[in-house]
Amino acid sequence: MNTVSRLTLTLLLGAMSAFATAGPITPEFSVFGPLPQATYGGSGIPNDASAITFREGFLLGLTAHQRFSGPNLENDEQGTFFANPGTTTSPSGLNGSTWNIGYYIQVDQDSIEDSGLTFKLLYDFDAGTDTDEAQLGVLNLSAIFPFGAGGSAAATKQDSQNLLFGYLATPSFFVAPPPGAFNPNANGQYSFALVAYNGQGDELGRSAINVQVGAQSADVPEPGVFALLGLGAAGLAAARRRKQQA
C-alpha cells in the first residue's frame with residue numbers, strides 16, 4: 001500500500017470513528033415514573049415523571065417541569081415532555097422560559113469516598129431536531145457540588161435550571177456553553193442528559209430526556225378514525241347479539 005493509500009485509509013477510519021461516537025441524544029433511563037425523594041431543589045416541583053437511572057453506587061433523576069404557577073408539563077411516558085414557548089419573570093425580576101429542567105443525583109454512602117465520580121448536565125440551545133451531542137452545552141455539576149474527598153459529605157445533590165439563566169451561556173470553570181443563544185419563543189426539540197463518569201472519564205450511566213416546545217402532547221385521531229372505531233364497536237355488538245340469539 002502506497003503512502004497516499006495509507007493516508008486515505010487513515011482519514012477514512014478517523015471520519016468513521018468520529019461518526020460512530022457522535023450523534024443526537026435520545027431518551028434513556030432505567031425506569032420512567034415517580035421519584036418520591038426528589039424535590040429538584042424547590043418547593044412544589046412535581047417528581048412523578050422522572051427519567052430514573054440506577055447504577056452501582058448512584059442514582060440519577062432528570063425531569064422537565066413548569067416554571068412557577070401553571071399546569072405541569074405533559075409527557076409521553078417515554079422521556080419526551082411537552083412545553084409552551086414564551087417567558088416568565090420571577091418575583092426578583094429574573095427572566096426565564098416557561099419550563100425548567102430538574103436534576104437529582106444520589107450517591108451511596110459507601111461510594112462517597114470515590115472522588116473520581118463526576119456528574120455533568122448536557123443541555124441544548126438548538127431548537128432543531130436531533131442536535132448532535134457534540135453541540136450541547138456542559139454544566140459540570142461536580143465542580144459546583146463536589147462529592148467525596150474535599151467536598152460535601154452529603155449524598156444527594158439536586159437543583160432546577162432554566163436555559164435563560166445567564167451563566168449557562170457564559171464560559172466558566174463549570175460551564176462550557178453550546179454555540180448560539182437560546183430563544184425561549186422558538187418551537188422545536190431540546191435535548192438533555194444527566195451523565196455520570198468515572199475517574200478516567202468513561203461514562204457509567206445517564207438519564208436523558210427531550211423537551212418538545214410548541215407541539216401537541218398527543219396525536220388526536222382524525223374524524224375518520226373515530227368513525228372506524230364506532231363502526232368496529234357496532235360490529236362487535238351485532239356479533240354478540242347474533243351469538244346470543246343462535
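**Close-up views: strands, core and salt bridges**

**View 1. Strand β10 pairs with strand β12.** Two bridges join β10 to β12 (residues 175-176), and the two strands run antiparallel. The model shown here is predicted. Which residue of β12 is the bridge partner of Val138? The partner is Ala176.

**View 2. Strand β10 also pairs with strand β9.** Four bridges link β9 (residues 118-123) with β10. This pair, too, runs antiparallel. Opposite Val138 of β10 stands Leu122. Val138 thus appears in both views: it faces Leu122 here, and its bridge partner in β12 is Ala176.

**View 3. Strand β10 has two unlike faces: one covered, one uncovered.** The strand spans residues 137-140. Gly137 and Leu139 make up the covered face. Val138 and Asn140 make up the uncovered one.

**View 4. The largest nonpolar core holds 37 residues.** Which members touch the most other members? They are Trp99, Leu163, Tyr190, Phe192 and Val211. Several strands feed this core: β3 (58-66), β5 (80-83), β8 (99-107), β9, β13 (188-197) and β14 (203-213) each supply at least two residues. The largest share, five residues, comes from β8. In soluble globular proteins, nonpolar side chains tend to be buried together.

**View 5. Leu163 and its contacts.** Residues up to four places away in sequence are not counted here. Leu163 touches Trp99, Tyr190 and Phe192, among others. Those three are also among the core members that touch the most others. The contacts of Leu163 further include Tyr123, Asp124 and Phe125. Leu168 and Phe182 are on the list as well.

**View 6. Arg206 meets Glu133 in a salt bridge.** How many salt bridges does a search of the whole structure find? It finds two. In this one, the N to O distance is 3.0 Å. Arg206 lies in strand β14 and Glu133 in the loop between β9 and β10, so the pair ties together parts that are 73 residues apart in sequence. Is Arg206 buried or exposed? Arg206 counts as buried because its relative accessibility is 7%, under the 20% cut-off. Glu133, at 27%, counts as partly exposed.

**View 7. Arg206 also forms a salt bridge with Glu203.** Their closest N and O atoms are 2.8 Å apart. Glu203 has 40% relative accessibility and counts as partly exposed. Salt bridges with shared partners join Glu133, Glu203 and Arg206 into one network. Side chains of opposite charge can pair when their charged atoms come close.

Note on methods. Residues numbered from 1 in each chain as written. Predicted model: local features only at pLDDT ≥ 70, side-chain atom pairs only at ≥ 80, totals over all residues. Heavy atoms only, no water. Buried < 20%, exposed > 50% of the residue type's maximum accessible area, 1.4 Å probe, protein only. Pairing = 2+ DSSP bridges. Core = buried A, V, L, I, M, F, W, Y, C linked by side-chain atoms within 4.5 Å. Contact = heavy atoms within 4.5 Å. Salt bridge = Lys/Arg side-chain N within 4 Å of Asp/Glu carboxyl O.
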